[in-house]
Structures are given as C-alpha cells and as structure tokens.
Amino acid sequence: VHPERLERTNADANNLLAASMMQGYRLAEQCGAPARLAAYRASYDASTKEVSETTTAEGPFDKAGLDARFGEGCWRASPRHAVWQGDPAHIGNPAYGKWRPVDDATRSKTNASFRPIEKVSFPRPDFLATMARLLYATAERDGWTEYFDVGAGTDDEPQAFRNSPCSQPQYTVVYVVNPTSGRIEAFVPRGHNFGLRASPPNYCPKPELITAVARRLFGVVCDHYMDDYVCVEPSWARGMADTTTTGALGYPTSGQGCLWALCDVVGCPLAEAKHEEYSHTPSFIGTTTDMSTVATDRTVRLACKATTRKKVLLLIEQYLLPEASMTSAQAASLYGKCQWVLLHGRIGRSALSAIKDRQCRMTGTVEGDTVSDRMKDSLFLLQHLLSGHLPPIEYQLDSRPNRRPVIILSDAMWQPTPGPHGFGRMAWMVWFPVGDTGGGAALCLGRG
C-alpha cells in the first residue's frame, strides 16, 4: 500500500470512529439507556485506572498528541467497550458481576491485518485427569501405589498481555468516550490489547518457555492455559513447609514453589492474590477435577466449576422469561458457555441445536429476536441438565482393561499388497479381558 494512501485511510478511519462513538453516546443519553451509559462509564473508568493505578497505559491523548507521537495518519484507533460479566438482570451491581473492558480491534480492521503462522495450543479440560493417570502408571511401574495420591494448585500472571511488549504501539491505540464531556479521548496501552488477535500468539511463547524450563530443570508436572498455570503432584512430593512465608513459597520445593520462584527470577512474578493452594479438588480452566478418592477407587471425576454453572443457569433463566429475546450475538455467547459447562459438549448437544440455529440465522427473519418454543424446549433441557442432573465424567486410573468385551471396528481398512494398489477390508477386533492382568483378542477380516 502506498504510504500516503495508508496515512489517508488511517486518518479517515479514526475520524469516522470518533464520530460514530460520540453519536452512540448521545443517542444513549437521549434514549435514557442506563445499561449502555453504564458501559460507557465503565470503559472510561477502566482506562483512567490503567493510567493512575496500574500504570499499564498512557493518556489521555487528543488527535494532535497522537499525531505528534506517531506521525499524522500513522496510527489507528480501536474502540473500547465494556462487557458485563454477570447476571444480566443486575447490570452494574458489583454483587452480581463485573465490567470487563475489551478493545474491538475487529471493528478497526486491525485484526484483519494480522496473519498468524503458528497456532497456539492449550491443554484440554481433562488435563489434570490425564496427568493423574500418567502418575498412577508411574506408581504402578515403580511400586508405590500404596502411597499414591495426587492434587494440584493454580497460579495466574497479572496483567499478562500488558507485560508482552509490542513493536507497533501505533496500532494499539484505543478510543473511549469521556462521559463528562461527551468527547473522545485516546489511550495507549502498554504491551498488547485485550481483543487484539495478535495478543495470544505473541504472549504465549513466554509461558511456553517457562513451563518447558520448569519441566526439564525441576521435574515439575505443569502446563499453562494462556496466563493461568497449573502444577500437579502427589502431596508427599511437596516437601517441607516454610512457615516464614506465604503463597506458593510456603512449600518452596514443591512444583508450585519452583514455578513461583522461576517466574519471579525471569521478571514476570505471579499474583499472590490469585494463588490457589494445592488441593485434591482443584479448578482449572472452568473445570473442577475431583481427585480426593484416587487412593481408594482409583477414579478421577470431572465437572464444571460450580460458580460457572451457576452463572450459566442464571443466564438461561433470563431467556426463559415471558418477554425475553435473544439476538444472534447473544445466542453465540450462550452456545459457547453451554458447550463449556457441558465439558466436551457431547451430553446435551442436541439441546444446543436450536441455540446454534439462532446464532447462524440471517438477520431480519420473521421470528426476529424472540425466543421460539423450540428454543424454550432446548433451554428447559439445558436447565434440567445443569441443575444437578448432569453426572460428572469419570476417569479410571487403573491400566487394567474393563471386564466387558471391547469391540473395535475399522471400515475399509487398507491392506498393503505387492504392486501399486491394496484392497479394502472391514476389520473388527474383540478384546476379551481375563482376570486382572491378562486377556485375549480376536482379529476378524472381511474382504470389502
């Protein structure tokens, strides 16, 4: 793109965005929309707090100040809006939720200009159960199953994206409306924005490196989900307690203690306020893993975190009210939340089909945003499942096979033969367990 054309495009986009945001605020005032006005206030308060309290942003700036810093037309702003995370019936009440500022880099087209070459991978909700199974296999191999138990603790890096440097701060500028003056003010965050597509792939190499070092140098069984860390270990492996300190360093030779010290050394200390002590029922990425009975029944149980399930239930109840409506965006949000609380999304997936249809429907349909009878049936089923009728997912740690025969089918299995081609066959294998240590299998082939 020619530099002069890019500068003109950026300037036009910034002017249009400012005019649109001010018009939206004026309309909210004229219509007396308290929820929207509260969102504008929350966005501005969060921005000023980043400057005065957490020092993770600079500002406020006007257009002339940004032109002087980055060059006229050489920067582009994204709108910042606040999202209410909590009970929609009590918007703005801190007892029922909180506001979270999000920078809409999609609207400014900044996200469209980012093309990642790598994909970030994260652990699944059953990560702790998988690690417990591997530790138990080690206990069987080395002969310490009578001492086996396992638990985990979690930690969090505060202001994670803000601690990830950005080489192009001219594209991290955010616009907010000052509720007092009704004018646009700009802020420049430190590091990356929350809402920038580049933030996760640019931030995650750091926790990837930290977990790799912790595993290789200290033998810590750990992983991370974005800025959340988790350490898994038997209770006896935590070592002696240090009563002179608090937090993870209370057990300095534990996995959490080693991770805590490592993060402090490399300059990204973990938040003591968000430190979750070692527990046999830890919660990680929205899933509570119950490992309290592994010593007796060798079983780990997974369920959605109780507080998360409660929030989704409150949301479903709001959509079941007589005058309730659901937009496509709201359906997308509900669909994602329900998939999460249903863990793998397999149980109750049929109930989500009506919600998915509303998410993907074209705008301007006959039914509009009303909650249809079909959607209400789905919501009632989801409410039933999340009200205590959804059993936890169980993971057996024993390596012993199940007592029942296991049938494995393979359709059109390719069998190599001399020459350029093979032939397809239907194959099935039946595993017949015998006792606790042995078994037999029969492999049957049929020409396709």
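Two strands count as paired if DSSP finds at least two bridges between them. That criterion applies to the sheet visited below, in what is a predicted model.

**Whole chain.** Start with everything selected. The protein has 448 residues, of which 39% count as buried. Its secondary structure comprises 12 helices and 16 strands. Among contacts with a separation of 6 or more, 62% are between residues 24 or more positions apart. Switch on the surface: about 24,700 Å² is exposed, and carbon and sulfur atoms supply 55% of that area.

**The four-stranded sheet.** Next, select strands 10 to 13, which form an open sheet in the order 10-11-12-13 with antiparallel pairing. Residues 283-284 (strand 10) and 393-396 (strand 13) are the edges; each has a single partner strand, so one side of each has no neighbour in the sheet.

Keep strand 13 and add residues 299-304, which are strand 12; the two pair in the antiparallel sense over four bridges. Which residue of strand 13 is the bridge partner of Val300? Pick Tyr395 to see that partner.

**Helix 11.** Move to residues 353-360 and show side chains for Ala354, Ile355 and Arg358, the buried residues of this helix. They lie on the same side of helix 11, because the arc they cover around the axis is only 100°. An α-helix has 3.6 residues a turn, so residues three or four places apart point the same way.

To see what these side chains face, add residues 328-341 and 373-389. These are helix 10 and helix 12, against which the buried residues of helix 11 pack.

Key
Residues numbered from 1 in each chain as written. Predicted model: local features only at pLDDT ≥ 70, side-chain atom pairs only at ≥ 80, totals over all residues. Heavy atoms only, no water. Buried < 20%, exposed > 50% of the residue type's maximum accessible area, 1.4 Å probe, protein only. Arc of directions from axis to C-beta. Contact = heavy atoms within 4.5 Å. Areas by Shrake-Rupley, 256 points an atom, 1.4 Å probe, with all protein chains shown as cover.
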